[in-house]
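Please walk me through this structure. I would like to know what its parts are and which contacts join them.

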Amino acid sequence: MSRGQGQWDHQQWAEHLREVRSALKKRDAIDRNLEGAATYGSAEEALRERFAWAARAKAHLRRMAVMAEAAPDPENARGVVGRLDRWRARSR
């Protein structure tokens, strides 16, 4: 398997995990502060940025789901992906 096609790479896993958590935290911060949309210039701009962070998290989660199958402990890795995906889906 080539890199990124499900091969286990702990460094890539950790990078994707950091990216997902960061993107979801930023998305949630925008959700909490939508009434303060003056920071963004408009609520519409805030929603566009929120969507971009959510899309970024989803893309990294997809990569993690593929990698999870090749993990040393696939059941645990799938559980991590599942918990992150529930966090992602919680606020749509």
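D31 is partly exposed, because its relative accessibility of 25% falls between the 20% limit for buried and the 50% limit for exposed. The model is a predicted one. D31 forms a salt bridge with R50. The closest N and O atoms of this pair are 2.5 Å apart. That is within the 4 Å cut-off for a salt bridge. R50 counts as buried, because its relative accessibility is 13%, and buried means under 20%. The pair thus joins a partly exposed residue, D31, to a buried one, R50.

Where do R50 and D31 lie? R50 belongs to helix 2, residues 43-68, and D31 to helix 1, residues 10-32. The salt bridge therefore ties together parts that are 19 residues apart in sequence.

Now take the overall layout. The protein has 3 helices and 0 strands. Read from the N terminus, the order of elements is α-α-α. The protein has 92 residues, and 33% of them count as buried.

Helix 1 and helix 2 also meet as a pair. How do their axes run? The axes come within 8 Å and cross at roughly 155°. Angles over 145° count as roughly antiparallel, so helix 1 and helix 2 are roughly antiparallel to each other. Their crossing is left-handed. The contact of helix 1 with helix 2 has 14 nonpolar, 3 polar and 8 charged residues.

Next come the other charged pairs. Side chains of opposite charge can pair when their charged atoms come close. How many salt bridges does a search of the whole structure find? It finds 6, and the one between R50 and D31 is among them.

Another of the salt bridges links D85 and R88, with closest N and O atoms 2.9 Å apart. Both residues lie in helix 3, residues 74-90. They are 3 residues apart, about one turn of the helix. D85 is partly exposed, because its relative accessible area is 32%. R88 is buried, because its relative accessible area is 12%.

R78 forms a salt bridge with E69. Here the closest N and O atoms are 3.1 Å apart. R78 is partly exposed, because its relative accessible area is 41%.

Turn to the aromatic rings. A search of the whole structure finds 1 aromatic pair. It is formed by W8 and W13. A pair of aromatic rings is described by the distance of the centres and the angle of the planes. For W8 and W13 the centres are 5.2 Å apart and the planes make an angle of 45°. The pair counts as tilted, because planes under 30° apart would be stacked and planes over 60° edge-to-face. Is each ring's residue buried or partly exposed? W8 is partly exposed, because its relative accessible area is 26%. W13 counts as buried, because its relative accessibility is 8%.

One residue remains, in the segment before helix 1: Q7. Q7 is partly exposed, because its relative accessible area is 39%. Q7 and V66 are 59 residues apart in sequence. In space they are 8.3 Å apart, C-alpha to C-alpha.

Terms used: Residues numbered from 1 in each chain as written. Predicted model: local features only at pLDDT ≥ 70, side-chain atom pairs only at ≥ 80, totals over all residues. Heavy atoms only, no water. Salt bridge = Lys/Arg side-chain N within 4 Å of Asp/Glu carboxyl O. Helix = DSSP H or I, 4+ residues; strand = E, 2+ residues; numbered from the N terminus. Buried < 20%, exposed > 50% of the residue type's maximum accessible area, 1.4 Å probe, protein only. Phe/Tyr/Trp six-rings, centres within 6.5 Å; stacked < 30°, edge-to-face > 60°. Axes fitted to C-alpha atoms, helices over the stretch in contact; angles between N-to-C directions. Parallel < 35°, antiparallel > 145°, perpendicular 65-115°, else oblique. Left-handed = near helix turned anticlockwise from the far one by under 90°. Nonpolar A, V, L, I, M, F, W, Y, C, P; charged D, E, K, R; others polar.
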